[in-house]
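Visitor: I'm new here, and I'd rather see one part properly than rush past everything. Could you pick a spot and walk me through it?

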Amino acid sequence: MAAIQFVNVSKQYPGTTAPAVDNITLEIPEGSIVVLLGPSGCGKTTLLKMVNRLHEPTSGKILLDGVDIQSIPVNQLRRNIGYVIQQVGLFPHLSIAKNIAVVPDLLGWDRQRINQRVNELLDLVHLPLDFRNRYPAQLSGGQQQRVGLARALAADPEVMLMDEPFGAIDAITRESLQDQLLELQRRLKKTILFVTHDVEEALKLADEIIVLDKGRLVQKDTPCNLLANPAGDFVRQLLNTDDRIRQLSLVRVETVMKPLDSTIHSNRLPRVPLGTDLKRVLSLMLSPASDTVLVCQEGNPIGYITFEELRKVGCLSA
Amino acid sequence: MVDTLIHTLWQSYLYFLNRQTEFWGAVVDHLILAGIAIGLAILVCVPLGIWTSKSRFASLTLMNLVNGLRVIPSLAVLFLIIPYLGLTSTSAIVALTILAMPPVLINTDAAFRTLEPAIIEAARGMGMSAFQRLIKVEFPLAIPVILTGVRISAVDVIASATLAAFVGSGGLGIYITRGFALYDYSILFVGAIPVALITLAVEGLLALLQKTLQPIKT
Ligand SMILES: Nc1ncnc2c1ncn2[C@@H]1O[C@H](COP(=O)(O)OP(=O)(O)O)[C@@H](O)[C@H]1O
Ligand SMILES: [Mg+2]
């Protein structure tokens with residue numbers, strides 16, 4: 001079952017002429033990172049905030065694990081959804097430990113459990129335990145957002161909403177936070193709805209990308225498909241797919257392939273010889289869909305490439 | 001010039017030494033009067049300020065009313081009230097409270113109005129009820145700014161509490177009215193100097209309190 005379902009969801013703000021979100025029907029599969037991508041003002045935040053009811057839809061409904069969110073008391077709903085925003089919004093008068101403990105506190109956990117959980121979370125987001133007694137203003141932007149992430153994860157919610165969480169953070173720190181989010185996600189398997197207008201970030205993080213334009217859903221696809229088969233000029237231009245594909249064609253398999261190991265069962269996988277360019281690899285991944293392509297030397301497999309390797313290539317972050 | 005001043009101050013000191021019981025009684029009365037007025041102003045205006053910060057209607061009506069009130073000097077307020085409440089300490093307290101209210105109201109309103117939206121959104125997004133938000137987040141963050149209003153009020157009220165003597169409610173104002181009546185500056189100083197010192201002390205204390213309640217900034 002999909003963790004989050006949007007059914008014909010529209011939202012029009014009072015006093016505006018066009019809907020900010022226009023009749024969106026969408027399923028967010030459990031345990032995946034789904035990225036809402038689109039230019040500023042296309043309705044990403046509006047769509048996201050309807051999930052924790054910071055905005056209410058004008059029409060349509062949203063289901064969480066099959067349950068209409070309107071039937072859940074709003075604060076109970078919110079306590080079960082992690083929420084991370086670009087401005088972080090830590091409470092400046094509370095220590096880091098107390099900031100992280102907010103939701104467990106609201107849920108009435110006992111002190112010892114909260115204490116233990118705070119330590120666990122600091123560990124999880126790679127912050128030292130002696131940060132417990134610091135205050136938000138004493139942390140760098142990147143550290144603050146780690147705390148923001150820990151705070152959102154505190155009560156172990158199944159669903160996380162993240163609205164441009166790394167948007168205000170310098171490029172280097174942003175990359176390390178993205179890597180860390182992926183690492184966390186491999187362990188925690190949350191359902192994450194992630195908003196960004198940064199194409200590289202979307203390609204890097206997403207299991208699926210949803211492209212929005214003026215409140216409408218334009219394309220919903222894996223990063224791989226999105227690059228190879230953009231649904232029209234809007235997506236093509238937004239993702240700059242032509243450039244990215246051209247750059248893939250300049251890189252050869254041997255620069256990114258991983259050596260063959262026992263986890264790869266090579267029988268039915270598509271094969272390419274050494275010297276093949278990555279554009280060809282991408283097209284093989286698509287038809288028929290296979291996330292792994294073998295690299296062969298004189299007919300014998302010696303390595304493999306997955307979409308992860310393509311993601312890591314500089315050309316996806318052109 | 002300086003000689004006469006020193007002489008007058010010496011006279012004041014002697015006057016004080018001879019009437020210590022009366023003097024300390026006046027100090028206590030003065031502090032009680034001012035304290036009650038400031039206390040009442042806080043009690044009334046903090047909730048009102050929270051309301052005006054969140055309601056357009058409240059803000060339009062109340063803030064205009066208060067800005068109107070500010071124009072009237074406290075002495076005038078006092079004389080306007082006397083016909084209704086008589087020459088009593090109630091009149092003095094009402095007048096002083098009216099004087100103390102605007103800064104507290106205006107600062108409370110501003111404090112809540114200028115809370116960082118992202119912080120409030122985070123609080124809502126995490127599932128705090130409006131009341132929990134108020135108690136756990138908004139109020140603690142607003143306190144330093146509210147205290148600024150209280151400081152302004154306190155300074156005003158402590159100085160103006162001398163007016164209470166006009167309606168026979170005691171306080172350090174008794175020396176000022178007496179000094180005027182007898183054309184004796186040395187008596188006047190016995191009221192004026194302690195008022196100035198108390199104002200400074202209270203201002204300092206509140207500043208200290210404000211500093212300890214300020215969220216840590218670096
Ligand atoms: N509170 C609001 N009132 C009126 N219009 C709004 C409000 N919030 C957003 N909008 C409008 O709705 C559209 C979508 O906004 P938003 O969801 O914030 O876009 P995005 O997050 O993709 O940048 C924009 O045109 C924006 O101006
Ligand atoms: Mg947005």
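Guide: Let's look at a sheet and the helix beside it, with a quick stop at another helix afterwards. This is a predicted model, where local features need pLDDT of at least 70, side-chain atom pairs count only at pLDDT 80 or more, and totals for chains, interfaces and linings use all residues. Residues are numbered from 1 along each chain as written, chains are lettered from A and ligands numbered from 1 in written order, and side-chain values use heavy atoms, without hydrogens or water.

In chain A, an open sheet of four strands runs in the order β11-β14-β13-β12, with mixed pairing. Strands here are DSSP E runs of at least two residues, helices H or I runs of at least four, numbered from the N terminus, and two strands pair if DSSP finds at least two bridges between them. The edges belong to β11 (258–259) and β12 (271–273) of chain A; each has a single partner strand, so one side of each has no neighbour in the sheet. For β11(A), the partner is β14(A), residues 300–306, joined to it antiparallel by two bridges. Zoom in on Pro259(A), and you'll find its bridge partner in β14(A) is Gly303(A).

Now the helix: α12(A), residues 278–286, lies across β12, β13 (292–297) and β14 of chain A, at about 80° to β14(A). That angle, on a 0 to 180 degrees scale, is between N-to-C directions of lines fitted to C-alpha atoms, for helices over the stretch in contact, meaning heavy atoms within 4.5 Å.

Last stop, chain B: α7(B) has a kink of about 45° at Glu138(B), shortly before the proline Pro140(B). The bend is the angle between axes fitted to the seven residues ending there and the seven starting there.
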